Amino acid sequence: MPSRYAFTPRVSGGRAIATVSTSSKIFNGVESGTIKFSSVVLKQGQRLDHIAATAYGSASYWWVIAAASGIGWGMQLPPGTILRVPKSLGQILAYIR
């Protein structure tokens with residue numbers, strides 16, 4: 001059985017996009033106000049991939065929310081965790097290029 005991370009879109013145009021460097025860029029962009037975001041309080045049973053599926057139409061962009069929220073790579077977090085969900089995936093992808 002493949003890892004749950006096996007289908008994460010980490011490469012775009014031959015370039016890795018889900019890296020420590022891009023995570024830092026996303027976090028710093030959110031912190032500086034350059035990247036607009038909404039705050040979401042995690043509920044019991046929710047995971048980052050659930051939030052990504054709702055926000056971006058694909059659960060595979062969970063790492064964007066993790067990066068923006070400064071929480072590392074954990075997908076399962078305790079209820080009450082405040083997440084920062086960037087409003088535009090297009091803005092994120094343009095920002096990290």
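Q: Which residues are exposed on the other side of helix H1, across from its buried ones?
A: This is a predicted model, where local features need pLDDT (the predictor's confidence in each residue, from 0 to 100) of at least 70 and side-chain atom pairs 80 or more, while totals for chains, interfaces and linings use all residues. Residues are numbered from 1 along each chain as its sequence is written, and side-chain values use heavy atoms, leaving out hydrogens and water. Exposed means over 50% relative accessible area, buried under 20%, partly exposed in between (1.4 Å probe, protein chains only). On that other side of H1 (helices are DSSP runs of H or I, at least four residues; strands, E, at least two; numbered from the N terminus), the exposed ones are Val-20 and Ser-32.

Q: How wide an arc do the buried residues of H1 cover?
A: The buried set is Thr-22, Ser-23, Ile-26, Gly-29 and Val-30. Take the directions from the helix axis to the C-beta atoms. These residues sit on the same side of H1, because their arc is only 130 degrees.

Q: How far apart are the end C-alpha atoms of H1?
A: Expected span is 1.5 Å times one less than the number of residues. For the 13 residues of H1 (residues 20–32) that gives 18 Å, and the model agrees: its ends are apart by 18 Å.

Q: Which residue has Arg-84 over its ring face?
A: A charge counts as over a ring if Lys NZ or Arg CZ is within 6 Å of the ring centre and within 35 degrees of the ring normal. Arg-84 lies 5.8 Å from the ring centre of Phe-37.
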